[in-house]
Amino acid sequence: MAVVYASVDLGGTNIRCALAEDSGRILCSDITPTRSHEGPLAVLARIAGLVNALGRGVDSPPAALGMGCPGLVDVKNGVTRFFPNLPTQWRDVPVREILSPQIGCPVYLLNDVRTATLGELTFGHGRTAGTMVFFALGTGIGGGVVIDGKLRLGPLGAAGELGHQVILPEGLRCGCGNRGCLETLASGPAITAEGVRLMQSGLASKLYEMCEGDASRVTTRTMAEAAHAGDQAVGEAITRAGEYLGIGVVNVAVTLHPDLIVLGGGVALIGDLLFHAVRRTLRERVHMFPPDDIEIKPSLLGENAGTLGGIALAMRGGTLAP
């Protein structure tokens, strides 16, 4: 029987767990509420229970576990350093030391978006790219950078925070404390906030119909549908966000000249309207070399990027070299 590895994606709302083979074939998966208010020890016990239950289901305990975490971690020692959106912020929690004995295998930690990048590198489009950049477009904008086949982390594991490059110096305040970050312009909340404004200003009749005037129902998906249905102003808002994202892509392109840029996360599901704006901006703003050799693709793994990244991390034994 093939060796089985475990993956955990720790989120503020849910814990996702899966077991998979080294081919990337997912054998089983499950999800449970995080209940982070109960504290790190309770959450880790819940993770252990989930991993052990899945292992019994396939009659094969995992050889190792890779865990994607929502913040900064000490990759070498398996200790969490700072999770900004979880109670207690998980400062200096020795996760590997606590969790490994409960599941009977080694445990490796990595930031969640860097984990998704590793998934795309190992099982997705990154398999044929030497240098790759991954943008995770969702509630925020995260990222990861792969150079010569190796995921680059920096001394704190924070390399690749692509959403916090400054696009508009005097722009809106970002959650990171800076102003004008890409995240304030092209994340899901940034795009939907403009959709709500347009709808409430009487400039998005199709969006109004789809959401029945309820601002809480405006999403990037409903905005994309409204744009395709004829809401010109909504289409322009998505295109503008794509142009800002394109500027972020340009900054990365002239810095690294990657083979491939991957756009993942829920916002990327907007599709062609967003991608066309990004690609056009890249062509219009890069003049130092021909930009057409830089491919821009949607994630091949989609919502499984983080899950398979955890599997890749476990397979590599926490070593991020190719």
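Rings of Phe, Tyr and Trp, the last represented by its six-membered ring, form a pair if their centres lie within 6.5 Å, and planes under 30 degrees apart count as stacked. The exercises below apply to a predicted model.

**Exercise 1.** Determine how many aromatic pairs the rule yields, and classify the geometry of Phe83 and Trp90.

*Solution.* The count comes to 1 aromatic pair. Phe83 and Trp90 form an aromatic pair with 5.4 Å centre to centre, and the cut-off for pairing is 6.5 Å. Their planes make an angle of 20°; the limit for stacking is 30 degrees, and the pair is accordingly stacked. As to burial, the threshold is under 20% relative accessible area. Phe83 is buried because its relative accessibility is 0%, and Trp90 is buried at 0% as well.

**Exercise 2.** Establish the strand order of the open sheet and identify its edges.

*Solution.* The 5 strands follow the order β3-β2-β1-β4-β7, with mixed pairing. β3 (26–33) and β7 (107–111) each have a single partner strand, so one side of each lacks a neighbour in the sheet. The twist from one strand to the next averages 15°. At the β3 edge, β2 (residues 14–21) pairs with β3 in the antiparallel sense over 7 bridges; Ala18 has Ser29 in β3 as its bridge partner. Helix α3 (residues 112–123) packs on the sheet, touching β1 (4–10), β4 and β7, and its direction makes about 105° with that of β7.

**Exercise 3.** Locate Leu245 within the largest nonpolar core.

*Solution.* This core has 45 residues, and Leu245 is among those touching the most other members. Helix α8 (residues 232–256) gives the most to the core, with 10 residues. Contacts of Leu245 include Phe135, Leu137 and Leu263.

Definitions and conventions
Residues are numbered from 1 along each chain as its sequence is written. This is a predicted model: local features need pLDDT of at least 70, side-chain atom pairs count only at pLDDT 80 or more; totals for chains, interfaces and linings use all residues. Side-chain values use heavy atoms; hydrogens and water are left out. A nonpolar core is a set of buried Ala, Val, Leu, Ile, Met, Phe, Trp, Tyr and Cys residues joined through side-chain atoms within 4.5 Å. Buried means under 20% relative accessible area, exposed over 50%, partly exposed in between (1.4 Å probe, protein chains only). Helices (H or I, at least four residues) and strands (E, at least two) are DSSP runs, numbered from the N terminus. Contact means heavy atoms within 4.5 Å. Rings of Phe, Tyr and Trp (its six-membered ring) pair if their centres lie within 6.5 Å; planes under 30 degrees apart count as stacked, over 60 as edge-to-face and the rest as tilted. Two strands pair if DSSP finds at least two bridges between them. Axes are lines fitted to C-alpha atoms, for helices over the stretch in contact, and angles run from 0 to 180 degrees between N-to-C directions. Lists of a residue's contacts leave out its neighbours within four places in sequence.
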